[in-house]
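I opened this model to look up its surface, its fold and its core. My entries follow.

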Amino acid sequence: GAATQRTFVASNGVDTATCTLSAPCRTFATAIANTLPGGEVIVLDSAGYGAATITQSVSIIAPAGIYAGISVFTGDGITIATPGLNVVLRGLAITGLGGQNGIAFLQGANLIVDRCQISSMADNGIAIFAPGSRTSISDSEITAAANSGVHADAVLGTVEVAVERTRFVRSQWGIYVRQ
C-alpha cells in the first residue's frame with residue numbers, strides 16, 4: 001500500500017496489512033517501510049515488535065503503560081545508518097539475548113531516546129558513532145551492557161550527547177566517551 005504519515009503496530013497485526021489503525025502491522029520494520037519520511041509509528045498494545053533498521057526520519061512511539069519490546073538475538077536492536085535522519089524512539093524496551101547494541105546510531109543528524117529501557121546487550125546499550133550528530137537521552141534506564149550503557153565515539157567526527165534523568169546499572173561503564 002501507499003505510505004502514510006502515521007502507521008500502527010499491534011500484537012494481532014499482520015505485516016501484509018496496510019498498517020492503519022484498523023489494520024495494523026505486526027513489526028516495526030514493516031510499519032517503518034509504510035511510513036512517510038518524518039512520520040510516526042504508533043504502538044497500540046504490548047508485544048514484541050522486532051529489530052529494525054531505520055532508513056528515513058521517523059518516530060516510534062509506545063504510549064506509557066504499553067510494553068513495546070525488541071528482543072535482540074544478533075546484531076543491533078535499532079540501527080540508524082543513513083545521513084541526515086531525525087529519529088525519535090519513545091517507550092521502547094530493548095533486550096539483548098546475544099545481540100550487540102540496543103541502538104546503533106551510525107549515521108544521522110538527531111536521535112531522541114525517551115522512556116526507553118535497554119538491557120543485557122553484549123556490547124553497548126546505545127552506540128553513537130554518527131559524525132556531526134546530536135543525541136538526547138532522557139527518562140531511560142540502561143542495564144547490564146557488557147561494555148557501556150552509552151558509548152559516544154567522536155573518532156569519525158563530533159558527536160553531541162545530552163543525558164537527563166537516566167539510570168545506568170551494572171554495565172562496565174555508564175557513559176563512555178572516546179575523542
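I began with the surface: the protein exposes about 7,600 Å², and carbon and sulfur atoms supply 53% of it. Accessible areas come from the Shrake-Rupley method with a 1.4 Å probe, and for residues only the protein chains shown count as cover.

I noted that this is a predicted model, in which local features need pLDDT of at least 70, side-chain atom pairs count only at pLDDT 80 or more, and totals for chains, interfaces and linings use all residues. Residues are numbered from 1 along each chain as its sequence is written, and side-chain values use heavy atoms, with hydrogens and water left out.

Next I looked up the fold and found one helix and 19 strands (DSSP runs numbered from the N terminus: helices are H or I with at least four residues, strands E with at least two).

I then checked burial: 49% of the 179 residues count as buried (under 20% relative accessible area; exposed is over 50%, partly exposed in between; 1.4 Å probe, protein chains only).

For the core, I found that the largest nonpolar one has 42 residues, and that Phe28, Ile54, Ile78, Leu89 and Ile103 touch the most other members. Such a core is a set of buried Ala, Val, Leu, Ile, Met, Phe, Trp, Tyr and Cys residues joined through side-chain atoms within 4.5 Å.

Last, I looked up Thr27, which sits in the loop between strand E1 (4–9) and helix H1 (28–33). Thr27 counts as partly exposed because its relative accessibility is 23%. Leaving aside neighbours within four places in sequence, I found Thr27 in contact (heavy atoms within 4.5 Å) with Val9, Asp15 and Tyr49.
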